[in-house]
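Please open the model in your viewer and keep the selection panel at hand. The tour goes from the overall layout to single side chains.

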Amino acid sequence: VTPDDIDDPHELEMSMTIERDGEVVYDDATNTSEMVRSCEELVSYFTRHNTVPELAVILTGTSLVPEQPFDLQEGDRVDITVEDIGTLSNGVTTV
């Protein structure tokens, strides 16, 4: 997805699910409109004193956090979906 593909980066739904043993143990959503800083402001800080490669990515987190007590476990799958962009899926491994 390119910036031209997104109408308004400040109005995208984001959701996160955590699946454990085939069962959803966490499911919540938010919107990029809830971000404290705009995308433009984040980019300005990132590029202010850094040489940034053309395809660099800024990862901000989602603000979606399960209530305590909650720990990820080996074998859990975390899916984070951003509207019009896609889904990032990660399995949990103990190291």
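## Overall layout

Colour the chain by secondary structure: from the N terminus on, the elements of this predicted model run β-β-α-β-β. The radius of gyration is 16 Å, well over the 12 Å that the globule rule gives for 95 residues, so the protein is more spread out than a compact globule. In total there are 1 helix and 4 strands. Along the principal axes, the C-alpha atoms fill a box of roughly 40 × 30 × 25 Å. Of the 95 residues, 20% count as buried.

## The sheet

Next, select the strands and hide the rest. The 4 strands form an open sheet with antiparallel pairing, in the order β2-β1-β3-β4. At the edges are β2 (23-31) and β4 (86-91), each of which pairs on one side only. From one strand to the next, the twist averages 15 degrees.

Select β1 and β2. These strands run antiparallel and are joined by 8 bridges. To find one register point, label Met-16, whose bridge partner in β2 is Asp-28. Then go to the turn of this hairpin, which has 2 residues between the strands; there Asp-21 takes a positive phi near 50 degrees.

Now replace β2 with β3 in the selection. Strand β1 (residues 13-20) is joined to β3 by 6 bridges, and the two run antiparallel. Which residue of β3 is the bridge partner of Ile-18? It is Val-78.

## Salt bridges

Show the side chains of Lys, Arg, Asp and Glu. The count comes to 4 salt bridges, among them the pair of Arg-77 and Glu-19, with the closest N and O atoms 3.4 Å apart. Arg-77 lies in strand β3 and Glu-19 in strand β1, so this pair ties together parts that are 58 residues apart in sequence. Arg-77 is partly exposed, with a relative accessible area of 35%. Glu-19 is also partly exposed, at 25%.

Keep Arg-77 selected and add Asp-79. Their side chains meet in a salt bridge, 2.8 Å from N to O. Is Asp-79 buried or exposed? Asp-79 counts as buried because its relative accessibility is 11%, and the cut-off for buried is under 20%. Salt bridges that share partners join Glu-19, Arg-77 and Asp-79 into one network.

For another pair, select Glu-41 and Arg-37. They form a salt bridge in which the closest N and O atoms are 3.3 Å apart. Glu-41 counts as partly exposed at 28% relative accessibility, and so does Arg-37 at 39%.

## A nonpolar patch

Finally, clear the selection, turn on the surface and pick Val-43, Phe-46 and Ile-58. Together, these residues make a nonpolar surface patch of about 220 Å². Where along the chain is Ile-58 found? Ile-58 is in the loop between α1 (39-48) and β3 (77-82). With a relative accessible area of 35%, Ile-58 is partly exposed. That value meets the requirement for patch residues, which is over 30% relative accessible area.

How values were computed
Residues are numbered from 1 along each chain as its sequence is written. This is a predicted model: local features need pLDDT of at least 70, side-chain atom pairs count only at pLDDT 80 or more; totals for chains, interfaces and linings use all residues. Side-chain values use heavy atoms; hydrogens and water are left out. Patches are made of residues with over 30% relative accessible area and no salt bridge: like charges are joined within 9 Å, nonpolar side chains (Val, Leu, Ile, Met, Phe, Trp, Tyr) within 5 Å. Accessible areas come from the Shrake-Rupley method with a 1.4 Å probe; for residues, only the protein chains shown count as cover. Buried means under 20% relative accessible area, exposed over 50%, partly exposed in between (1.4 Å probe, protein chains only). Two strands pair if DSSP finds at least two bridges between them. Axes are lines fitted to C-alpha atoms, for helices over the stretch in contact, and angles run from 0 to 180 degrees between N-to-C directions. The radius of gyration is taken over C-alpha atoms; the globule rule is 2.2 Å times the number of residues to the power 0.38.
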